[in-house]
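Trainee: Hi! Could you walk me through this chain before I get lost in it?
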Amino acid sequence: MSVAAVVHHLLPDAEIGGSPCPPVDRIEMVRDVEKVFSAAETGRTGFEWQAVHTADFNLADIGDGCTPDLLVVDAGTLVEARKQRMRHLLPAQVVMVMEVTSRGNAVDELPHPGTLRSPLTTGSGYARSGIPHYLLVDRDPRVARALLYADPDGGQGTYGMLAGVWDFGQAVELPEPFGVEISTKLWEPWKI
C-alpha cells in the first residue's frame with residue numbers, strides 16, 4: 001500500500017477548516033510572557049507557576065468555547081494533569097488566562113475605546129468559569145495597552161476589578177501570587 005493510500009484512509013472526505021496562524025509579532029508577545037514565567041520557575045525557589053499553551057481549554061460547563069493564547073497553571077496541577085493524560089485543562093485548574101487581540105478578534109475581546117462593554121461590565125466566559133486573573137493585551141492602535149482583570153463573579157460573568165493597566169513600553173508588573181515583571185518594550189499595536 002502506498003503512503004498516499006494510507007493518508008487517504010486516515011483523513012475524512014469532509015473539508016478540514018482552521019483559523020489562520022497569528023502573525024509573528026503577536027506570537028512573540030505571548031512568548032515574552034511565557035519566557036518570564038519560565039525564568040521565574042528556574043530562578044526563584046518556590047515559584048509554582050507555569051505558563052502553557054493549549055488548544056483544548058474546556059469551558060463546556062458554561063457552554064462557551066475559548067482558546068486563550070496562554071494559560072498560567074500551578075506546577076503541581078500541571079504535573080497531575082500530565083500523569084492522568086488529560087486532554088484539556090479545566091477552569092478550576094487555571095489561575096490566569098492571557099489573550100492578545102488582533103484585528104479579527106478585538107470586537108469579541110475588547111470593545112471599541114470609549115464604550116462601557118468590558119470584562120468589568122459584560123459577561124466573560126473566563127469570569128463565569130471563575131478564572132481568577134485575565135490578562136488582556138489590546139493591540140488596537142487606539143488603545144495599545146495590557147489590562148489585568150481580577151476578582152471574578154461567576155454569577156454575573158464579570159470581573160470585579162481592573163488590577164492593572166500598562167501602556168505598551170511600560171513594564172507589566174503582575175501582582176502576587178505571580179510577582180513577575182514583563183517587558184513590553186517591543187510590543188506594538190497592529191498596523192492600520
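Mentor: Happy to, and we will go from confidence to layout, then the cores, the surface and the salt bridges.

Trainee: Great. What kind of model is it, and how are residues numbered?

Mentor: This is a predicted model, with residues numbered from 1 along each chain as its sequence is written; local features need pLDDT of at least 70, side-chain atom pairs count only at pLDDT 80 or more, and totals for chains, interfaces and linings use all residues. Side-chain values use heavy atoms, with hydrogens and water left out.

Trainee: What is pLDDT, and what is its mean here?

Mentor: pLDDT is the predictor's confidence in each residue, from 0 to 100. The chain has a mean of 81, and 76% of its residues reach 70 or more. Residues 1-16 have pLDDT below 50, and this stretch makes four contacts (heavy atoms within 4.5 Å) beyond near neighbours in sequence. Residues 111-117 are also below 50, with 12 such contacts in the model.

Trainee: Okay, layout next. How many helices and strands are there?

Mentor: The chain has five helices and eight strands. Helices (H or I, at least four residues) and strands (E, at least two) are DSSP runs, numbered from the N terminus. In sequence order the pattern is α-α-β-β-α-β-α-α-β-β-β-β-β.

Trainee: And what share of the contacts joins residues that are 24 or more positions apart?

Mentor: Among contacts with a separation of 6 or more, 60% are between residues 24 or more positions apart.

Trainee: Let's go inside. What percentage of the residues is buried?

Mentor: Of the 192 residues, 42% count as buried. Buried means under 20% relative accessible area, exposed means over 50%, and partly exposed is in between (1.4 Å probe, protein chains only).

Trainee: Which residues have the most contacts inside the largest nonpolar core?

Mentor: Those are Phe37, Leu174 and Phe178, in a core of 27 residues. A nonpolar core is a set of buried Ala, Val, Leu, Ile, Met, Phe, Trp, Tyr and Cys residues joined through side-chain atoms within 4.5 Å. Elements giving two or more residues to this core include helix H2 (24-43), strand S3 (94-100) and strand S5 (145-153). Helix H2 gives the most, with five residues.

Trainee: What does Phe37 touch?

Mentor: Leaving out residues up to four places away in sequence, Phe37 touches Phe47, Trp49, Ala51, Val72, Met96, Leu174, Phe178 and Val180. There is also a second, separate core of 17 residues, which includes Val52, Phe57, Leu78 and Leu89.

Trainee: Why would nonpolar side chains be buried together?

Mentor: In soluble globular proteins, that is simply what they tend to do.

Trainee: Now the outside. Which residues form a nonpolar patch on the surface?

Mentor: Leu120, Leu162 and Val165 do, with about 200 Å² of accessible area together. Patches are made of residues with over 30% relative accessible area and no salt bridge; like charges are joined within 9 Å, and nonpolar side chains (Val, Leu, Ile, Met, Phe, Trp, Tyr) within 5 Å. Leu162 lies in strand S6 (residues 158-167) and is partly exposed, at 37% relative accessible area.

Trainee: How much area does the chain expose in total?

Mentor: About 11,000 Å², with carbon and sulfur atoms supplying 54% of it. Accessible areas come from the Shrake-Rupley method with a 1.4 Å probe; for residues, only the protein chains shown count as cover.

Trainee: Switching to charges: how many salt bridges are there?

Mentor: The whole structure has five. A salt bridge is a side-chain nitrogen of Lys or Arg within 4 Å of a carboxyl oxygen of Asp or Glu. One of them joins Asp25 and Arg139 (2.6 Å, N to O). Asp25 is in helix H2 and Arg139 is in the loop between S4 and S5, so the pair ties together parts 114 residues apart in sequence.

Trainee: Is Arg139 buried or exposed?

Mentor: Arg139 is buried, at 2% relative accessibility, while Asp25 is partly exposed, at 41%.

Trainee: Where do Arg31 and Glu28 sit?

Mentor: Both are in helix H2, three residues apart, so about one helical turn separates them. Their side chains meet in a salt bridge (3.2 Å, N to O).

Trainee: And which residue forms a salt bridge with Arg145?

Mentor: That is Asp167, with the closest N and O atoms 3.2 Å apart. Arg145 lies in strand S5 and Asp167 in strand S6, so this pair ties together parts 22 residues apart in sequence.
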